[in-house]
Amino acid sequence: MAHADTTHAPPAHEASAHPPAHEEETNTGISHRKLLMWVFLGSDCLFFGSLIATYMVYRGQSIVGPYPIDIIDVPITTISTFVLLMSSFTMVMAVAAARNGNQKRLIQWLVCTIVLGGGFIGFQVYEFNLFRVEGLRYETNLFSSTFFTLTGFHGAHVTLGIFWLICLAVISARNPAGRPSGEDVDIAGLYWHFVDIVWIVIFTLLYLIGGFDAGPDVGHAAAQGWQWITGIIT
Amino acid sequence: MSSNPGHEGALPHEEHGAHEDAGIGRFFFGRVPAGVHGGLKQYGLLAIFLAIITLVEFLIIVPEGLQGSSVVIAPLVILSVIKFFCVVAFFMHLKFESPLLWQIFVAGLALGLVVALSLVLLFGVFRPTPRAFSENRQAPFEHHAEEKPHYEALVVPTPCPVGACPTPGGNVPAPTGSHPGQALFVGVGGCSACHTIDGVAQGILGPPLNGIGSAAANRLPGYSAEEYIRESILEPDAHAAGTADGLSQDYDGNLMLSTMAGILPALSDEDIENLVDYLLTLQ
């Protein structure tokens with residue numbers, strides 16, 4: 001499986017330590033579905049990269065409040081970050097259970113992941129609602145528009161992942177002898193972990209670093225960073 | 001878990017026992033053949049490690065002096081990069097996969113980083129104008145938990161799109177009993193979207209009109225204030241205000257022409273007279 005030799009690609013099961021019997025032979029040695037998932041995740045990096053960059057560009061540009069420092073709650077979000085991180089752990093355990101063919105454990109770990117993912121979404125709904133009550137709506141200022149767009153798309157990814165995992169859990173519960181295969185769970189796991197790493201970036205940039213931004217004040221860290229970069233360039 | 005292959009509800013596609021449980025050291029740091037996977041030990045250890053990093057990240061910004069400080073940026077970024085790659089390498093199994101998958105993912109990641117960096121450089125470093133714009137236009141924010149937040153009333157005038165100024169919604173409303181010309185100025189005339197009159201309008205795209213009633217008389221020899229103002233409205237480029245009058249700013253002539261061309265047909269002769277009359281009152 002580790003060979004990318006297209007001319008003499010060995011049958012997948014020869015190179016693999018755990019050959020899924022149904023897997024078709026591919027000239028990369030990697031199953032098409034898994035390859036496609038990685039290509040998708042690579043492209044999703046671009047998607048979130050653009051949204052994060054947009055947030056950073058408009059950082060400190062809002063001319064009316066509330067500003068991040070008025071409204072961002074870092075301790076609460078640290079807890080929700082921890083919850084999402086732990087869901088990655090339960091997800092990888094679910095993948096291991098599926099690979100071992102342990103259907104019961106698979107369902108248990110999937111349910112844990114779904115609950116933790118739901119918990120994360122719960123935190124996000126709470127946060128969004130709090131912001132709305134405090135007067136930060138989508139159209140209030142540049143901060144709110146870029147913040148809600150970025151975290152909203154991330155939340156949508158998590159929600160989609162939860163539905164995906166629910167489907168896997170239901171399928172395993174109803175059909176113990178058949179699907180989902182180890183690879184089915186593996187691919188869902190890749191998606192889930194990706195959503196987690198996106199949040200790692202968002203948490204650092206929007207909360208830990210950007211959570212203390214005030215209004216259009218050049219004194220904040222980003223502006224100092226720009227000056228520093230400009231100093232190097234010029 | 002992986003050291004204890006399944007015994008309940010086995011999946012037919014998987015061959016049990018075909019993969020080994022790499023030791024912890026080998027799993028994280030060693031070279032392991034494809035197909036080796038971790039179990040509860042390895043993944044649990046990694047989860048604890050990631051949780052500790054998250055806790056450290058939080059503790060870094062607990063001291064108030066460090067909140068929003070540029071000193072913490074580097075450690076926070078380094079810690080999250082470590083978290084990021086731990087998840088990718090171990091939870092996503094990329095350490096144990098074909099190099100092709102690494103290349104695909106890193107290509108996407110690198111492209112994303114380049115796009116992000118380009119955007120930030122373009123708008124944040126090489127074109128600092130928006131920041132200066134914000135500084136000049138900032139409005140204070142204060143918390144009012146119970147009452148309706150006052151910043152909702154503080155809507156900033158919308159710069160008019162090229163072609164036509166919309167009816168401005170956010171300017172200071174005309175006081176009751178004001179001059180009909182003033183109502184036009186802040187209302188359907190749309191003038192206030194671009195011009196400033198203290199206490200009346202806050203436009204910034206065109207020259208401010210404070211005291212224009214007296215200033216206009218001295219703008220051009222041979223012109224009365226009334227003639228000057230009327231002609232400036234009807235033929236916006238006839239006496240372009242700007243540098244000659246000691247104003248600190250140049251104005252966009254093309255924007256002015258196209259904007260005024262969009263406004264003028266909507267104004268009747270009477271409207272024009274009302275506007276001129278009103279502007280003359282500004283001393």
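**Helices H4 and H5 and a cavity beside them**

The crossing of H4(A) and H5(A) is left-handed. That is where I'd like to start, and please keep in mind that this is a predicted model.

First, the two helices. In chain A, H4 covers residues 74-100, and H5 covers residues 103-133. Their axes lie 8 Å apart, and the helices pack at an angle of about 160°. Angles over 145 degrees count as roughly antiparallel, so H4(A) is roughly antiparallel to H5(A).

What is the contact of H4(A) with H5(A) made of, by residue class? There are 19 nonpolar residues in it, along with 6 polar and 2 charged ones.

Now to the cavities. Searching the whole structure turns up 5 cavities of 30 Å³ or more. I'll talk about the second largest, which holds about 120 Å³ of space. It is lined by 14 residues. Closest to its centre are Ile76(A), Thr77(A), Ser80(A), Phe123(A) and Glu127(A).

Which helices supply at least two residues each to that lining? H4 and H5 do, and so does helix H7 of chain A, residues 182-209. H5(A) gives the largest share of the lining, with 7 residues.

Sorted by class, the lining of the second largest cavity has 9 nonpolar residues, 3 polar and 2 charged.

To recap: H4(A) and H5(A) cross in a left-handed way, and both helices, together with H7 of chain A, contribute to the lining of the second largest cavity. That's what I have on this region.

Key. Residues are numbered from 1 along each chain as its sequence is written. Chains are lettered from A and ligands numbered from 1 in the order in which they are written. This is a predicted model: local features need pLDDT of at least 70, side-chain atom pairs count only at pLDDT 80 or more; totals for chains, interfaces and linings use all residues. Side-chain values use heavy atoms; hydrogens and water are left out. Axes are lines fitted to C-alpha atoms, for helices over the stretch in contact, and angles run from 0 to 180 degrees between N-to-C directions. Helices (H or I, at least four residues) and strands (E, at least two) are DSSP runs, numbered from the N terminus. Angles under 35 degrees count as roughly parallel, over 145 as roughly antiparallel, 65 to 115 as roughly perpendicular and the rest as oblique. A crossing is left-handed if the near helix is turned anticlockwise from the far one by less than a right angle, and right-handed if clockwise. Ala, Val, Leu, Ile, Met, Phe, Trp, Tyr, Cys and Pro count as nonpolar, Asp, Glu, Lys and Arg as charged, and the others, Gly among them, as polar. On a 1 Å grid over the protein atoms alone, a cavity is a set of points where a 1.4 Å probe fits but cannot get out, and a pocket is an open set with protein on both sides within 12 Å along at least five of seven lines; lining residues have an atom within 4 Å of a point. Grid points are joined across faces, edges and corners, and a volume is the space filled by probe spheres set on the points.
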